[in-house]
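Here is a short tour for anyone meeting this protein model for the first time. Have a look at the picture, then read on.

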Amino acid sequence: MFKRSFHSKDRAGKSVKPSKRSFREDQKLKLQQKLDSPPVGSTLTSPIITLVVGREPRIFAAHEDVLSLSPFFTAALKGQFYESVAKRVALPDEDPQIFSCILEYLYKGDYYPRLLFNKRRASFELEDAQDLQNLGGRGSIESTVEIPGAGGALLKDTVIYCAAERYGLDELKRLALRKQGLQSGISVDVILRSARFAYDNTPDSDSKLRAHYLALIIRSRKTFKRSGTMQMEMEIGGSKLFFDLFVAMCNHVDDIVDIGNNRSPKTI
């Protein structure tokens with residue numbers, strides 16, 4: 001699980017950009033070989049596919065072989081959403097700003113803000129991250145997005161993770177989760193709204209994003225315990241999130257008891 005990355009303060013402030021650099025050339029090559037994307041700068045000669053995205057349509061264009069890196073698009077280019085004559089795919093339920101990140105990842109192996117390696121700190125950080133508190137690359141640059149029908153701001157990396165789940169892009173899921181672990185200064189209501197979104201848009205078998213939120217809430221339990229938003233969300237219910245949270249808290253207590261029993265046998 002990720003290091004503690006969210007803090008009770010509402011927002012991170014602005015700061016001077018820390019010195020940073022991306023991967024060295026050999027590291028870039030290794031990363032590209034792992035990611036589900038073609039090498040940057042490769043010659044793309046496949047047909048151009050038009051993608052009509054969103055309820056208020058926005059037009060995108062991409063190479064067929066790049067889109068085919070996703071199992072979803074491999075099927076879509078043969079299915080009911082594909083107009084073969086016009087070479088057009090309709091995605092009315094997708095959000096354009098999120099889809100833009102998906103395309104950026106498919107072509108470049110990352111999306112803004114990029115994951116950079118800070119040689120001085122020997123750690124990863126986000127491009128243009130605001131880092132007033134010297135948290136080592138954690139920042140709130142473009143940390144949230146507005147999605148129609150979500151009821152408010154959501155964590156961008158959570159929405160991208162859920163999109164990657166739909167498109168069958170496992171490496172993008174791992175990248176989005178790693179980036180989310182570098183965010184800080186996120187308010188309680190955004191965390192809870194994003195957790196609900198994650199539960200609504202991932203299968204019950206998901207063991208990464210859901211567990212990330214459960215661990216986050218447990219680690220920051222003092223903040224959430226005092227939160228009127230948390231109380232309201234729990235009273236409203238309607239999400240498996242809170243039962244999973246109860247089970248995770250029980251497991252956490254059991255672990256503490258087991259540690260205590262190992263030192264001086266007793267029961268609770």
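A residue counts as buried when its relative accessible area is under 20%, as exposed when it is over 50%, and as partly exposed in between. Arg-193 has a relative accessible area of 18%, so Arg-193 is buried. Keep in mind that this is a predicted model.

**The overall picture**

Let's start with the whole chain. The secondary structure comes to 11 helices and 8 strands. The protein chain has 268 residues, and 46% of them count as buried. About 14600 Å² of the chain is exposed, with carbon and sulfur atoms supplying 53% of that area. As for contacts between residues at least 6 apart in sequence, 67% of them join residues at least 24 apart.

**Salt bridges**

How many salt bridges does the structure hold? There are 11 salt bridges. Here are some of the pairs, with the distance between nitrogen and oxygen.

| Pair | N to O distance |
|---|---|
| Asp-93 and Arg-55 | 2.6 Å |
| Arg-114 and Glu-127 | 3.1 Å |
| Arg-193 and Asp-189 | 3.3 Å |

Take the pair in the top row, where the closest N and O atoms of Asp-93 and Arg-55 are 2.6 Å apart. Asp-93 sits in the loop between β4 (88-91) and α4 (96-108), while Arg-55 sits in the loop between β1 (48-53) and β2 (58-63), so this pair ties together parts that are 38 residues apart in sequence. Both Asp-93 and Arg-55 are exposed.

Next come Arg-114 and Glu-127, whose side chains meet in a salt bridge. Arg-114 is in the loop between α4 and β5 (115-118) and Glu-127 is in the loop between β6 (123-126) and β7 (144-146), so the pair ties together parts that are 13 residues apart in sequence. Are these two buried or exposed? Arg-114 counts as partly exposed because its relative accessibility is 37%. Glu-127 counts as buried because its relative accessibility is 15%.

The pair of Arg-193 and Asp-189 stays inside one helix: both lie in α7, 4 residues apart, which is about one turn of the helix. Arg-193 is the buried residue from the start of this tour, and Asp-189 is partly exposed, with a relative accessible area of 30%.

There is also a network of salt bridges, linking Glu-165, Asp-170 and Lys-173. Lys-173 belongs to helix α6 (residues 170-180). With a relative accessible area of 15%, Lys-173 is buried. Setting aside its neighbours within four places in sequence, Lys-173 is in contact with Tyr-161, Ala-164 and Glu-165.

**Two helices side by side**

Back to α7 for a moment. How do the axes of helix α7 (residues 188-200) and helix α10 (residues 228-236) cross? They come within 9 Å and cross at roughly 25 degrees. That makes α7 roughly parallel to α10. On the α7 side, Val-188, Asp-189, Leu-192 and Arg-196 take part, and they meet Thr-229, Met-230, Glu-233 and Ile-236 in α10. Asp-189 is also the salt-bridge partner of Arg-193.

**A nonpolar patch**

One last stop is on the surface. Phe-243, Phe-246 and Val-247 form a nonpolar patch there, and together they have about 300 Å² of accessible area. Val-247 is found in helix α11 (residues 241-263). Its relative accessibility is 31%, so Val-247 counts as partly exposed.

Conventions: Residues are numbered from 1 along each chain as its sequence is written. This is a predicted model: local features need pLDDT of at least 70, side-chain atom pairs count only at pLDDT 80 or more; totals for chains, interfaces and linings use all residues. Side-chain values use heavy atoms; hydrogens and water are left out. Patches are made of residues with over 30% relative accessible area and no salt bridge: like charges are joined within 9 Å, nonpolar side chains (Val, Leu, Ile, Met, Phe, Trp, Tyr) within 5 Å. Accessible areas come from the Shrake-Rupley method with a 1.4 Å probe; for residues, only the protein chains shown count as cover. A salt bridge is a side-chain nitrogen of Lys or Arg within 4 Å of a carboxyl oxygen of Asp or Glu. Buried means under 20% relative accessible area, exposed over 50%, partly exposed in between (1.4 Å probe, protein chains only). Axes are lines fitted to C-alpha atoms, for helices over the stretch in contact, and angles run from 0 to 180 degrees between N-to-C directions. Angles under 35 degrees count as roughly parallel, over 145 as roughly antiparallel, 65 to 115 as roughly perpendicular and the rest as oblique. Contact means heavy atoms within 4.5 Å.
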